[in-house]
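This report describes selected features of one predicted model. It treats helix ends and faces, helix packing, a strand residue and salt bridges in turn.

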Amino acid sequence: MRLSARVDYALRAAVALAGYGDRWVSAEQIAEDQAIPRKFLESILLQLRRGGIATSKRGSEGGHQLARPGDQISLADVIRAVDGPLVGVRGERPEQVPYAGTAAALTNVWIALRVSERNILESVSLASVAADDLPTSVTKLLEDPDAWVIRD
């Protein structure tokens, strides 16, 4: 899996917003806290607002905050808001990309990859990352990463 700088920055900004809770926070503060270029962050915050992840309010008491509680927003939600569907093949859903002959099974590999990716990214909320309290399903993978390598 390759995450673009945009997705990395969006995840960091969204986790930062989760860490601020109900407080309104300026783009400047998020940019400073997360070392994200300000202009890039403004574009990302716009995508997060359009995707229903964040909201904003103008004025001296304004800023940005999550549109709903951080425990109700998964990492997958943020990625989809800024980058579209998880695991696409040439911009298509894996099951819509047929292969011929000996490569036919690749479709099933991409579908399995998407399922695996979803299992992790949809189970981790912004609040759990902000609190450094990841789900057990994720922390078990970290205990012995080699144990999860599939070998036939």
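Alanine 35 follows helix H2 and has a positive phi, near 55°. The helix that precedes this residue, H2, spans residues 27–34, and within it Ala27, Ile30 and Ala31 are buried. Viewed down the axis of H2, these buried residues fall within an arc of 100°, so they line one face of the helix. The exposed residues Glu28 and Glu32 are carried on the face of H2 that is turned away from its buried side. Among the elements that cover the buried residues of H2 are H1, H3 and strand E2 (63–66).

Two of these covering elements, H1 and H3, also pack against each other, at an angle of about 70° and with their axes 10 Å apart. H1 is therefore roughly perpendicular to H3, since angles of 65 to 115 degrees are counted in that class. On the H1 side the contact is made by Ala5, Arg6, Tyr9, Ala10, Ala13 and Leu17. On the H3 side the contributing residues are Phe40, Leu41, Ser43, Ile44, Leu45, Gln47 and Leu48. By class, the residues of this contact divide into 10 nonpolar, 2 polar and 1 charged.

Strand E2, which takes part in covering H2, contains histidine 64. Is this histidine buried or exposed? Histidine 64 has a relative accessibility of 11% and therefore counts as buried, the cut-off for that class being under 20%. Residues up to four places away in sequence left aside, histidine 64 touches Leu17, Arg23, Trp24, Val25, Ser26, Ala27, Leu45, Arg49, Thr55 and Ser56. Of these neighbours, Ala27 is also one of the buried residues of H2, while Leu17 and Leu45 also belong to the contact of H1 with H3.

The salt bridges form a further topic. How many are there in the model? The count comes to 6 salt bridges, and three of them are set out below.

| Salt bridge | N to O distance |
|---|---|
| Aspartate 8 – arginine 12 | 2.9 Å |
| Arginine 38 – glutamate 42 | 2.9 Å |
| Aspartate 77 – arginine 80 | 4.0 Å |

Aspartate 8 and arginine 12 both lie in helix H1 (residues 5–20), where they are 4 residues apart, about one turn of the helix. Arginine 38 and glutamate 42 are likewise placed 4 residues apart, about one turn, in helix H3 (residues 38–50). In helix H4 (residues 75–83), aspartate 77 and arginine 80 are separated by about one helical turn because they are 3 residues apart. Salt bridges with shared partners join Arg68, Asp77, Arg80 and Glu122 into one network. As a general matter, an α-helix has 3.6 residues a turn, so residues three or four places apart point the same way.

The accessibility of these side-chain partners can be given pair by pair. In H1, aspartate 8 counts as partly exposed at 32% relative accessibility, and arginine 12 is partly exposed with a relative accessible area of 24%. In H3, arginine 38 is partly exposed at 35%, as is glutamate 42 at 32%. In H4, aspartate 77 has a relative accessibility of 24% and counts as partly exposed, and arginine 80, at 28%, is also partly exposed.

Notes. Residues are numbered from 1 along each chain as its sequence is written. This is a predicted model: local features need pLDDT of at least 70, side-chain atom pairs count only at pLDDT 80 or more; totals for chains, interfaces and linings use all residues. Side-chain values use heavy atoms; hydrogens and water are left out. A salt bridge is a side-chain nitrogen of Lys or Arg within 4 Å of a carboxyl oxygen of Asp or Glu. Helices (H or I, at least four residues) and strands (E, at least two) are DSSP runs, numbered from the N terminus. Buried means under 20% relative accessible area, exposed over 50%, partly exposed in between (1.4 Å probe, protein chains only). The arc is that of the directions from the helix axis to the C-beta atoms. Contact means heavy atoms within 4.5 Å. Axes are lines fitted to C-alpha atoms, for helices over the stretch in contact, and angles run from 0 to 180 degrees between N-to-C directions. Angles under 35 degrees count as roughly parallel, over 145 as roughly antiparallel, 65 to 115 as roughly perpendicular and the rest as oblique. Ala, Val, Leu, Ile, Met, Phe, Trp, Tyr, Cys and Pro count as nonpolar, Asp, Glu, Lys and Arg as charged, and the others, Gly among them, as polar.
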